[in-house]
Amino acid sequence: MAVMSYRQALHDTLRAEMLRDPDVFLMGEEIGRFEGSYKITAGLLDEFGPKRVRDTPIAEEGFTGAAVGAAMLGLRPVVEIMTINFSLLALDQITNHAAKIYGMFGGQRSVPMVIRTPGGGGQQLAATHSQNVELFYAFTPGLKVVAPSSPADAKALLLASIRDDDPVLFLENLALYNTKGEVPDGDEPAEIGRAAVTREGTDITLVAYSRMANVALQVAEKLASEEGISAEVVDLRSLRPLDRPTIIESVKKTSCAVVLEDDWLTYGIGAEVAASISDGAFDWLDAPVRRVAMAEVPLPYAKSLELAALPSAADVVTAVHQTLDAVGRRSVGAH
């Protein structure tokens with residue numbers, strides 16, 4: 001088991017899958033000669049050549065549509081869209097073609113493609129380059145949407161995504177690229193649609209994904225060491241399919257929940273998770289489900305304003321305190 005960055009895990013997995021399967025090829029803006037805006041594809045053009053590492057024009061709808069066609073004909077394209085914000089230009093190809101072809105063709109044609117795309121704030125990229133609009137895709141039947149939070153999951157979920165016969169949107173948060181962690185050897189893919197309980201607890205459940213799953217773990221450790229509060233952390237890993245049973249079983253155990261997301265509160269992924277908890281664990285809840293999300297504003301460029309708008313560990317701690325205070329369970333060992 002090696003320790004590596006999230007960025008390196010993605011690079012090594014892409015390379016390994018290209019070596020394993022000659023039908024896997026990459027396409028996207030500046031992924032070849034420039035080696036990608038975030039250097040995920042560094043060295044791959046030299047190793048595999050321009051036929052399998054294809055630089056594209058600045059035309060997201062065009063090259064995403066080309067990838068849909070290639071996938072329908074049996075290849076396995078991995079498309080890099082420079083940021084999820086630019087995926088909006090390809091929304092028709094993703095939601096009206098990639099997601100629907102299998103159903104519209106009565107299962108006669110699959111679309112085995114992956115769209116890798118980063119998002120998230122905190123990098124001073126301003127309002128139109130700092131969004132998390134995964135809701136648009138998680139909302140769409142026919143797509144699978146995954147959001148790994150660690151280097152190990154980046155590898156395992158990318159393996160699963162490339163080998164899947166359905167189109168997969170693979171979400172990467174810019175803040176995660178330099179994070180490091182242990183990555184298992186071998187090529188065992190994850191199960192898309194399976195959440196992970198990354199920390200056991202008894203007092204409250206924290207449900208999150210991508211960057212906020214790491215924030216949840218940090219908060220859980222702080223609460224345990226400083227206040228004796230035992231928080232369980234559920235990392236969704238997959239937004240579609242959503243692993244409702246794992247979420248519900250955790251809340252049945254703790255009877256309290258806070259849902260975290262790096263996006264706007266209204267109509268968000270957190271709202272779906274909260275509704276799922278209400279549907280499946282209402283009789284076990286001791287307090288309303290609280291949600292932590294970013295301010296509902298176009299994200300400012302100024303660093304101080306940007307950080308103020310994004311959800312923080314302090315926001316999560318406050319939400320946990322409010323939830324446990326509401327039922328008188330904030331004292332050490334109260335549950």
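# Exercises on domain contacts and salt bridges

Between domain 1 and domain 2, the count of salt bridges is one. The model is a predicted one.

## Exercise 1

Identify the residues that form the salt bridge between the two domains, and describe the side of domain 1 that touches domain 2.

Solution.

Step 1. The partners are Asp153 and Arg237, whose closest N and O atoms are 3.0 Å apart. A salt bridge requires a nitrogen-to-oxygen distance within 4 Å, and the 3.0 Å of this pair meets that cut-off.

Step 2. Place the two residues in the domain assignment, which gives residues 2–183 as domain 1 and 196–326 as domain 2. Asp153 therefore belongs to domain 1 and Arg237 to domain 2.

Step 3. Add the polar contacts: 17 residue pairs are counted between domain 1 and domain 2, both residues at pLDDT 80 or more. On the domain 1 side, at least two residues each come from helix H6 (134–138), strand E6 (144–146), helix H7 (151–163) and strand E7 (168–173). H6 gives the largest share, four residues.

Step 4. Sort that side of domain 1 by class: 18 residues are nonpolar, ten are polar and three are charged.

## Exercise 2

State how far apart the domain centres lie and how much area the domains bury between them.

Solution.

Step 1. The C-alpha centres of domain 1 and domain 2 are 27 Å apart.

Step 2. Contact involves 31 residues of domain 1 and 24 residues of domain 2.

Step 3. The size of an interface is often expressed as the accessible area lost when the parts come together. For domain 1 and domain 2 that area is about 2200 Å², with 51% of it on carbon and sulfur atoms.

## Exercise 3

For the salt bridge of Glu80 and Arg116, decide whether each residue is buried or exposed.

Solution.

Step 1. The structure holds 19 salt bridges. In one of them the side chains of Glu80 and Arg116 meet at 2.9 Å, N to O.

Step 2. Glu80 is in strand E4 (residues 76–80) and Arg116 in strand E5 (residues 114–119), so the pair links distant parts of the chain, 36 residues apart.

Step 3. Buried means under 20% relative accessible area. Glu80 has 6% and is therefore buried; Arg116, at 2%, is buried too.

## Exercise 4

Work out which parts of the chain are tied together by the salt bridges of Lys253 and Arg244, and how accessible the partners are.

Solution.

Step 1. Lys253 meets Glu232 in a salt bridge at 2.5 Å, N to O. Because Lys253 lies in helix H9 (residues 244–254) and Glu232 in strand E11 (residues 231–235), this pair ties together parts that are 21 residues apart in sequence.

Step 2. Lys253 is partly exposed, with a relative accessible area of 36%, whereas Glu232 counts as buried at 3%.

Step 3. Arg244 and Glu272 have side chains that meet in a salt bridge at 2.6 Å, N to O. Arg244 is in helix H9 and Glu272 in helix H10, so parts 28 residues apart in sequence are tied together.

Step 4. Arg244 has a relative accessible area of 35% and is partly exposed; Glu272 is partly exposed at 38%.

## Exercise 5

Name the residues that are linked in a network of salt bridges.

Solution.

Step 1. Side chains of opposite charge can pair when their charged atoms come close.

Step 2. Here the network of salt bridges links Glu17, Arg20, Arg163 and Asp187.

Key. Residues are numbered from 1 along each chain as its sequence is written. This is a predicted model: local features need pLDDT of at least 70, side-chain atom pairs count only at pLDDT 80 or more; totals for chains, interfaces and linings use all residues. Side-chain values use heavy atoms; hydrogens and water are left out. Contact means heavy atoms within 4.5 Å. Buried area is the accessible area (1.4 Å probe) that two parts lose on being put together, summed over both. A polar contact is a pair of N or O atoms within 3.5 Å; within protein, one must be able to donate a hydrogen and the other to accept it, and residues adjacent in sequence count only if both atoms are side-chain atoms. Ala, Val, Leu, Ile, Met, Phe, Trp, Tyr, Cys and Pro count as nonpolar, Asp, Glu, Lys and Arg as charged, and the others, Gly among them, as polar. Buried means under 20% relative accessible area, exposed over 50%, partly exposed in between (1.4 Å probe, protein chains only).
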